[in-house]
Every structure is written in C-alpha cells, then in structure tokens.
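Work through the following exercises with the structure open beside you, and try each task before you read its solution.

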Amino acid sequence: MASERVAEKTAAWPLTRLDVAGAFGDIGVLFPIAIALITLNHLNPTAVFLAAGLTYILAGRYFQIPSAVQPFKAVAAIALAMSLTPSAIASAGLLMGALLLLIAVTDLASQLARLFSLPIVRGIQLGLGLLLAREGLVLMLGAQSGLVFAGGTSLPAWEIALGGAIVLILLRGSRRFPAALALLMAGMALGLAAHWGKLPSLTFGLIPFQFLHPHGSELRSVLTLLVIPQFALTFGNSIVATENTAQILYGSQSRRVTVRGLSFSIGMVNGLTALLQGAPLCHGSGGITAHYRFGARSQKSSYIIGGVCIALALFGKASMGLLHLIPTAILGVFLVYVGIQHAAYLRDTVHRLPQFFTAVCVGVVSLATTNLMWGFLVGFFLQALFSLAGKKAK
C-alpha cells in the first residue's frame, strides 16, 4: 500500500525538490553575465533569455542530463571591457557557430580532442574552479553587494555571504530542504525586503528583435578580437572538459555528451542566436558540476531553468528588475561552492606526480592570467617535456 501511495504521488507531481534546486545551480554564472551584457552592451533581454531558455530545454532533451548554458566568458569579458555593440557580439557568435559546426561535421573535433590529455583536462577544471571561486569572493565581499533597508539599516555583503554559506553548509545533502533552493529563496526574501516599496513593475511584453546583418569589416575585426581567444577556451572547457565532467558525474547516462555532439550543439545554437543578436552561448563544464552538486539528476532540471529563462524573456525589460532582487553576495556563495567542487576533480592525479604537477601548473597559470587558454598551452608544453624525458630515460 505504501508503494502505491508513493506511485500516486510521483504520477501527480513528477518533479522533486532536488529537480527544482538543481535547476538553479548555475545561476551564479548565467545571470550576472547576462545582466552585464544587457545593461552595459545593450543586448536585447528578450533575445538573451529566449535563446538561453530554448537552449536549456533542447540540450536537456538531446543530452538526457542536466546541461549547462552559459554566455561565452571570453567574448563577454572583452565585450564589456571595450563596450562592443550587439552586432559585433552577435557577429562573433555567428563565426564561432560556423567554426564549431565545421569541426563537428568533419569530425575534426574528435581529432583535436586527442591533444587534451587527462592532466590537461584536470588542469582546466582546476583553473576554472579557482576562477569561479575568485569571482565569487569578489561578489561576496564587494562594497556594492550589500543591501540597504528602509530606515537606513544596512547589511554588509560579507554578512549576507556568511549567512548564505551557513545555509549551504547546514542543508548540504538535505533532500527535504535542498540547499540551493533554500539559499535562493533566502536571497530573494532579503532582496524583496530591501527593495520593498520600489519593486519592479511586471510589465508583460516582448522587446522586438533586431536581426543581424553581417558586415565584412565587422566580421574581420571580431575574428581576431573575440573568436580566436574564445575558440580555445570553448574547445578546452566547454567541449573536452564538459564531456569528461559529464562522464564522471553521470556515467552511461551521459553517452550523448560527446566532443562531436557538444561541438554541433554549440555551433548550431550560436548560428541561430546570432541572427537575433542575443548573447553567444556554450555548455560549461563548471555548469554541469553546479547543477549536479545542487541536486539535478535528470533533464527535468534543464526544463525548469529553461522555462524560467523563457518567462524572463516574455517580461522583457522588467526581467532585469526581477533578477536584481537576488543579492550579488548570494550569487557569490553559489560561485565559490561550485568552484571548490569543480577544482576537486584534481584528486585523481594526486598520486601520479607528473600528471599532478602538469594539472596544477595549468590551473595556476589559468588563475594568474585569467585565461584558460594560456593554462592549457603551458600544459601542452609540460606534456611534451615529460614525454621527451621519458623517451630519453629509455
């Protein structure tokens, strides 16, 4: 009888708390970058969130695991620093899409992936984990991340972060009160309290799309400025490291998450997203870890966060006001936790000194330069040195 009651509950409500909690595991990466590109580079919020939402849903459906969807980090960093226009950003996405589709269709992706040995992949994961943790600390401790309530009472960012970390630690592993969901709800409650009386108006309405009309001069300029730096990062982290991370966490369930499949997915998505002048998107290995560590175990989590993104797209500019209700210090806690978990993949190289040394060097150089590309170039160099030394020893 008890089993029948469980079956009835499952049929009536097919989602668990962990499905919902895991859906929001990667918001510490997706939302801050999206908000920055919309606010500072004037990207269309409807285009940005509609593309992200549809990508989450379609990728979840195809890969059959909770996929991650993130803006291109190198493109976003350079675009923000140089105040690039939406058309320049979209042109970079168009070129990246074409390049990734080319290596997927010709299966050149599988051949390129052979260059990335286990220690280099672990180094990329370590470097990304350290970068995420560092950015999380910036959000957690930044003076602008605090909250001011009615009456002048203020709450410093470090106190919000400390409270968030305590919630995360106390509820880590809880199935009844999943940590990510509790942390997100607590953050939203603080944001609502701080902005009470000046809450954003929820005006429904899409913002009209501005379609991309590629220009030769703009395509040439973004090729060297954005595409080449991003390609190295995308292939190393969003394709090779993502395949490896999915295999570690999901085993045979991730059989569709291959180098070729990821190349094709990211290429197709960016070819279409660029036409709407949305943000270029990828699947990040850190995002896979984020969703998993906060409870996601099936593609249902991708459908949930994808649906949330589409809802944000439908509210256009009003979506920005909603996202600003989440304190940035809380987003920082998400990032630090995920960064630590992602860096921990290094542990399987600890007892093999050459591999461990190579992985640590890749991670440290990536952190020091804030660029994973330099990290894995150092890894290639060290790999060649160890190989040469091994041949001479024989």
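## Exercise 1: A serine inside a helix

Ser302 lies in helix H14, which covers residues 300-314. The model is a predicted one, and the steps below refer to that model.

Task: decide whether Ser302 is buried or exposed, and state which residues Ser302 touches.

Solution. Begin with the relative accessible area, which is 1% for Ser302. A residue counts as buried when this value is under 20%, and therefore Ser302 is buried. Then turn to the neighbours: leaving aside residues up to four places away in sequence, Ser302 touches Tyr56, Ile57, Gly60, Ile65, Pro66 and Ser67.

## Exercise 2: Helix H5 and its surroundings

Task: find which residues of H5 are buried, say what covers the buried residues of H5, and describe where Ile78 stands in this picture.

Solution. First, list the buried residues of H5, which are Ala74, Val75, Ala76 and Ala79. Second, look at what lies over them: the cover of these buried residues includes helix H3 (27-40), H6 and helix H11 (216-250). Third, consider Ile78, which is also placed in helix H5 but counts as partly exposed, because its relative accessibility is 22% and the buried class requires a value under 20%. Fourth, follow the contacts of Ile78, which touches Leu225 and Leu226 when residues up to four places away in sequence are not counted. Ile78 and Leu226 are 148 residues apart in sequence, yet their C-alpha atoms are 7.2 Å apart in space.

## Exercise 3: The length and cover of helix H6

Task: work out what span the 20 residues of H6 should have at 1.5 Å a residue, and then say which residues of H6 are buried.

Solution. The expected span is 1.5 Å times one less than the number of residues, and so the 20 residues of H6 should span 28 Å. The C-alpha atoms at the ends of H6 are 28 Å apart, which agrees with the expected span. Next, the buried residues of H6 are Ala88, Ile89, Ala90, Ser91, Ala92, Gly93, Met96, Gly97, Leu100, Ile103 and Ala104. Their cover includes H3, H5, H7, H11 and helix H12 (259-275).

## Exercise 4: Two residues with a positive phi

Task: name the residue with a positive phi that follows H5 and the one that comes just after H6, and compare how accessible Ser83 and Asp107 are.

Solution. Start from the general background: most residues other than glycine have a negative phi. Ser83, which follows H5, has a positive phi near 55°, although Ser83 is not a glycine. Ser83 sits in the loop between helix H5 (73-82) and helix H6 (86-105), and it counts as exposed because its relative accessibility is 55%. Asp107, just after H6, takes a positive phi of about 65°, and Asp107 is not a glycine either. The place of Asp107 is the loop between H6 and helix H7 (108-113), and with a relative accessible area of 26% Asp107 is partly exposed.

## Exercise 5: Salt bridges

Task: state how many salt bridges the structure holds, and describe the partners in each pair.

Solution. The structure holds 3 salt bridges. In one of them Arg260 pairs with Asp107, the closest N and O atoms being 3.9 Å apart. This pair links distant parts of the chain, since Arg260 is in helix H12 and Asp107 is in the loop between H6 and H7, 153 residues apart. Arg260 counts as partly exposed, at 38% relative accessibility.

In another, the side chains of Asp348 and Arg122 meet at 2.8 Å, N to O. Here too the pair links distant parts of the chain: Asp348 is in the loop between helix H16 (328-343) and helix H17 (353-369), whereas Arg122 is in helix H8 (residues 118-141), and the two are 226 residues apart. Asp348 is partly exposed, with a relative accessible area of 32%, while Arg122 counts as buried at 4%.

Finally, Glu135 forms a salt bridge with Arg134, with the closest N and O atoms 3.9 Å apart. Glu135 is partly exposed at 39%, and Arg134 is partly exposed at 30%.

Conventions:
Residues numbered from 1 in each chain as written. Predicted model: local features only at pLDDT ≥ 70, side-chain atom pairs only at ≥ 80, totals over all residues. Heavy atoms only, no water. Helix = DSSP H or I, 4+ residues; strand = E, 2+ residues; numbered from the N terminus. Buried < 20%, exposed > 50% of the residue type's maximum accessible area, 1.4 Å probe, protein only. Contact = heavy atoms within 4.5 Å. Salt bridge = Lys/Arg side-chain N within 4 Å of Asp/Glu carboxyl O.
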